[in-house]
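Student: I would like to learn how to read a protein model. Could we go through one together, question by question?

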Amino acid sequence: MKNHSAVILLLSKSLELEGQKPLYRQICDVLREAILSRRLRAGTNLPSTRSLARELSVSRNTVMSAFDQLIAEGYLKGAQGNGTFVADELPDEILRFRFKKVLDNRQAHAKAKLSKRGSEITQIPFRVERDSDNTRAFSIGFADITEFPLEVWKRLLARNIRNMSRSMLGYDGVLGYPPLRAAIAAYLKTSKGIECETSQIIIISGSQQGLDLAARILLEEGDEVVIEDPNLTGKHGGAFATKTKISPIPIDENGLNVSEISRLATNPRAALITPASQFPTGITMSLSRRFELLEWAEANNAWIIEDDYSSEFHYGSRPISPVQAMDLGGRVIYIGTFSKTMFPALRLGYLVVPPNFVDAFRRAIAFTSRQPSFLEQITLSDFISEGFFGRHIRKIRAIYSERRSCLIELIERNLVDFVEIKKSEAGMHLVGELRNELCGRKLVESAAQKGLFLSAISEYCINAKIPDALLFGFTSIIKNEMAPGVAALREILECSN
């Protein structure tokens with residue numbers, strides 16, 4: 001079927017020789033629309049590229065480019081010696097047919113469901129995406145990246161890129177870069193009193209991977225795990241542990257109440273704790289309570305998973321040694337991270353595991369994820385061994401201490417009628433207990449409308465019956481944001497009272 005004059009007329013009316021869109025693209029668009037609207041029917045024979053170019057006063061290459069594009073898309077087909085034709089079966093028709101089939105079968109698709117654990121994860125009240133600007137009052141849990149020695153990091157990174165070897169491109173080092181593991185072991189010994197061998201250090205991509213690995217390797221399906229109440233993710237605090245039963249244990253002024261485990265749990269196989277600065281209460285587990293927990297683990301053949309996310313940030317006397325440093329029976333899995341001390345994008349952390357379990361963790365990592373980026377591991381190793389990490393910690397601890405004191409003073413001077421600050425000696429946020437039966441969650445919503453980021457402690461409770469409180473982050477907030485933030489919060493509290 002030939003319809004050359006119609007094609008020529010259609011194109012000649014539509015082309016803009018001086019237009020911004022390339023001529024070959026204009027020809028493509030016009031012919032495609034004509035084919036889809038059935039003005040050019042299946043099997044229509046198009047003019048030759050030479051004759052069409054002459055009629056349109058364009059180069060033959062322009063027409064050839066347009067035809068080639070439409071052939072590639074499936075709208076045209078070329079027959080050797082017979083010219084170019086509109087295709088019998090159009091790609092858009094195929095797509096519409098497939099879409100109709102999807103709609104017709106939506107009931108079948110509705111039967112596809114997440115697993116129980118997948119459903120639980122979707123219900124966790126946790127922000128998946130984080131704001132890029134965390135300097136506003138009163139964001140919690142963020143390191144101040146403006147104080148990080150970025151130029152030093154870039155220099156070390158550039159040096160390691162220049163010296164990169166082919167061995168860094170392979171699968172070597174499942175447990176992590178050996179010098180980094182040695183540097184971490186040395187740091188733990190001098191700063192936290194943890195006596196461990198380099199062989200016990202395992203590099204991971206962050207605390208969540210460490211929790212997941214510990215659960216996979218140490219816990220059976222249906223095993224019971226005790227967790228602090230309140231805790232980071234509220235009623236979903238044990239979602240890390242696949243197919244385990246979670247039993248929340250209340251917190252008192254000494255940390256996790258070990259004496260309550262026997263009453264509230266049946267036969268727990270592990271306890272997940274944050275003893276340095278319990279989240280969200282900020283309570284530091286007492287020395288006697290740590291020994292009590294170790295005795296419980298020994299007596300019940302149970303594990304202790306110690307998440308030490310913020311022990312570098314202490315503002316009073318020297319902190320109590322981690323539970324791992326007191327462990328003589330090999331009951332503690334210790335998790336450390338660099339995202340809180342350095343910057344969040346550095347997805348590097350570490351585990352300290354008992355010597356006889358290292359091989360099990362090594363095999364699990366090799367099977368599930370392999371090691372994090374070797375280039376960043378090498379750079380972090382240099383950053384620690386050349387003294388930059390220690391200097392950064394000392395500097396940032398002093399800055400955070402100053403900000404903490406400033407925020408306490410502002411709150412006590414301006415919000416004393418509404419909030420009572422519970423002063424802890426560690427951590428990255430303050431807890432302000434609410435007076436006058438104020439509702440934390442309602443205040444959080446009102447604060448968000450004013451551009452303030454607050455959290456209510458009730459969001460993190462499971463069964464715990466504790467006074468409602470607000471969490472005030474201070475680590476990433478520049479000081480000139482504090483006073484306006486407190487003033488704005490006072491307005492909200494006055495309206496809510």
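**Reading the model**

Student: How exposed is Leu169, as a relative accessible area?

Tutor: This is a predicted model, where local features need pLDDT of at least 70, side-chain atom pairs count only at pLDDT 80 or more, and totals for chains, interfaces and linings use all residues. Residues are numbered from 1 along each chain as its sequence is written, and side-chain values use heavy atoms, without hydrogens and water. Buried means under 20% relative accessible area, exposed over 50%, and partly exposed in between (1.4 Å probe, protein chains only). Leu169 counts as exposed, because its relative accessible area is 61%.

Student: Is Gln200 buried or exposed?

Tutor: Gln200 is found in the loop between H9 and strand E4 (201-204). Helices (H or I, at least four residues) and strands (E, at least two) are DSSP runs, numbered from the N terminus. The relative accessible area of Gln200 is 9%, so Gln200 is buried.

Student: How far apart are the C-alpha atoms of Gln200 and Pro355?

Tutor: Contact means heavy atoms within 4.5 Å. Leaving aside neighbours within four places in sequence, Gln200 has contacts that include Val353, Pro354 and Pro355. Gln200 and Pro355 are 155 residues apart along the chain, yet their C-alpha atoms are separated by 5.8 Å.

Student: Why does the span of helix H18 agree with what is expected?

Tutor: Helix H18 covers residues 479-496, which is 18 residues. The expected span is 1.5 Å times one less than the number of residues. That gives 26 Å, so the span agrees, as the end C-alpha atoms are also apart by 26 Å.

Student: Which strands do the buried residues of H18 pack against?

Tutor: The buried residues of H18 include Met482, Leu489 and Leu493. They pack against helices H16 (388-414) and H17 (440-449). The strands they pack against are E12 (419-422) and E15 (469-473).

Student: Which element gives the most to the largest nonpolar core?

Tutor: A nonpolar core is a set of buried Ala, Val, Leu, Ile, Met, Phe, Trp, Tyr and Cys residues joined through side-chain atoms within 4.5 Å. The largest has 37 residues, and Leu407, Val419 and Phe472 touch the most other members. Elements giving two or more residues to this core include E12, E15 and H18. With eight residues, the element that gives the most is H16.

Student: What share of the 497 residues is buried?

Tutor: The protein chain has 18 helices and 15 strands. Of its 497 residues, the buried share is 49%.
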